[in-house]
Amino acid sequence: MNEAILAIDTSCDDTSAAVVCGGSQILSNVVSGQNLVHERFGGIVPELASRRHLEMIEGVVDEAMTAASISFASVSAVAVCKGPGLIGSLIVGTAFAKALAYVHKLPLIGVNHLEGHICSAFLKEGGPPTLPFISLVVSGGHTSLYRVDGCGKYKELGRSRDDAAGEAYDKVAKMLGLGFPGGPVIDRLARTGNPRAVSFPRPYMPQTLDFSFSGLKTSVRSFLAQNTPDISTEDICASFQAAVIDVLIRKIEWATAQENITSVALSGGVAANDGLRQRITELKGIETYIPPKPLCTDNAAMIGAAAYEQFLKGDFADLRLNPKAYLPVG
Ligand code: KG4
Ligand code: ZN
């Protein structure tokens with residue numbers, strides 16, 4: 001059996017622990033979400049998130065070890081997300097991982113959360129994509145395009161200049177009174193709506209692979225202020241979603257053309273979107289890798305995947321590892 005890494009992610013509002021072998025084989029992947037804690041506030045409350053991580057982390061790690069039927073004697077390293085994310089949440093995961101590494105005399109590996117999302121493509125569940133590939137990381141905190149030449153070899157091609165796509169979903173859902181998180185419910189309502197009912201703007205920004213979704217969000221707000229009762233919530237959801245997906249798909253096309261690459265992988269919470277998953281498979285001449293939904297949203301298995309390359313290189317952290325709320329890839 002390849003080296004087993006115990007991986008932990010507490011970057012946002014999910015407490016997660018996983019055991020991953022050789023950077024690709026998931027032995028366990030436990031995620032404890034916090035939607036019940038945050039939904040009445042219509043968004044994540046950072047202080048409540050870190051407190052909940054504190055309550056959950058020990059049980060989640062125990063569950064991941066038990067589900068993998070492994071003991072610490074057979075674990076080769078402890079990996080933990082060191083950012084970007086909510087600082088209070090990150091501190092809980094890194095402090096716990098440091099304690100485990102110290103007690104069990106194991107190497108500690110600090111992993112960038114975004115590199116984790118990119119590396120979800122290297123997990124066995126359907127992957128890995130043919131190298132090099134374009135990776136679209138599209139979540140609540142980020143919308144970024146990367147050229148990936150291997151695990152650990154990434155070049156950022158574009159990123160969100162304002163709201164991430166998932167953030168736009170969550171804010172539009174809040175305006176419509178649909179609760180939190182907004183992505184899954186908008187996705188579901190969009191299925192029965194008319195995507196051409198409202199013509200929302202597509203912020204293509206042709207000169208760049210960067211993204212901007214805040215204007216689209218504002219135009220939904222302006223539309224709602226006009227009070228047009230003949231347009232249903234389903235139609236608004238379908239029209240908003242069509243605008244987001246049109247932009248994501250077009251930027252993927254531009255990135256593949258610019259880099260002369262025919263392989264594309266999706267990751268991040270918005271990659272769980274059924275509309276996006278469908279549209280990307282319709283791209284001509286492009287091989288697509290779409291992870292199963294639980295590997296799109298935040299999970300620790302992706303941290304275990306990214307950590308493996310660092311493990312092989314001996315890229316270890318020490319007990320002074322401090323997480324960072326802002327942490328660019330690379
Ligand atoms: O990757 P993730 O779990 O956490 C971050 O790192 O942000 O992504 C969470 C985001 C939320 O904004 C949520 O609304 C969105 O992913 N999301 C979706 C769907 N499922 C989750 N957005 C659109 N459609 C979905 N089905
Ligand atoms: Zn994430």
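**Notebook: zinc site, a helix pair and two exposed residues**

I looked first at the zinc ion (ligand 2) of this predicted model: its four donor atoms subtend angles of 93 to 146°, so the arrangement is irregular. I took as donors the N, O and S atoms within 2.8 Å of the metal (3.2 Å for Na, K and Ca); water is not among the atoms, so sites may look incomplete. Four donors count as tetrahedral if all angles lie between 85 and 135 degrees; four count as square planar and six as octahedral if opposite donors are over 155 degrees apart and all others between 65 and 115; anything else is irregular.

For conventions, I noted that residues are numbered from 1 along each chain as its sequence is written, and that chains are lettered from A and ligands numbered from 1 in the order in which they are written. Local features need pLDDT of at least 70, side-chain atom pairs count only at pLDDT 80 or more, totals for chains, interfaces and linings use all residues, and side-chain values use heavy atoms, with hydrogens and water left out.

**Zinc ligands**

I found the zinc ion (ligand 2) coordinated by His113 (NE2), His117 (NE2) and Asp298 (OD), at 2.1 Å. Along the chain, its donors follow the spacing H-x3-H-x180-D. I placed both His113 and His117 in helix H4 (residues 113-119), four residues apart, about one turn of the helix. Helices (H or I, at least four residues) are DSSP runs, numbered from the N terminus.

I then checked accessibility, where buried means under 20% relative accessible area, exposed over 50%, and partly exposed in between (1.4 Å probe, protein chains only). His113 is buried, at 6%, and His117 is buried, at 0%.

**Helices H5 and H8**

I looked up the packing of helix H5 (residues 165-175) on helix H8 (residues 233-259): the angle is about 170°, and the axes are 11 Å apart. H5 is therefore roughly antiparallel to H8, the term for angles over 145 degrees. Axes are lines fitted to C-alpha atoms, for helices over the stretch in contact, and angles run from 0 to 180 degrees between N-to-C directions.

On the H5 side, I listed Ala165, Ala168, Tyr169 and Val172 in the contact, and on the H8 side Phe240, Gln241 and Val244. Contact means heavy atoms within 4.5 Å.

**Exposed residues**

I located Thr66 in helix H2 (residues 46-67); Thr66 is exposed, at 61% relative accessible area. Its C-alpha atom lies 43 Å from that of Glu253, 187 residues away along the chain.

I located Pro206 in the loop between helix H6 (182-190) and helix H7 (214-226). Pro206 is exposed, at 65%, and lies 9.7 Å from Arg250, C-alpha to C-alpha, with their positions 44 residues apart in sequence.

Note on methods: Helices (H or I, at least four residues) and strands (E, at least two) are DSSP runs, numbered from the N terminus. Angles under 35 degrees count as roughly parallel, over 145 as roughly antiparallel, 65 to 115 as roughly perpendicular and the rest as oblique.
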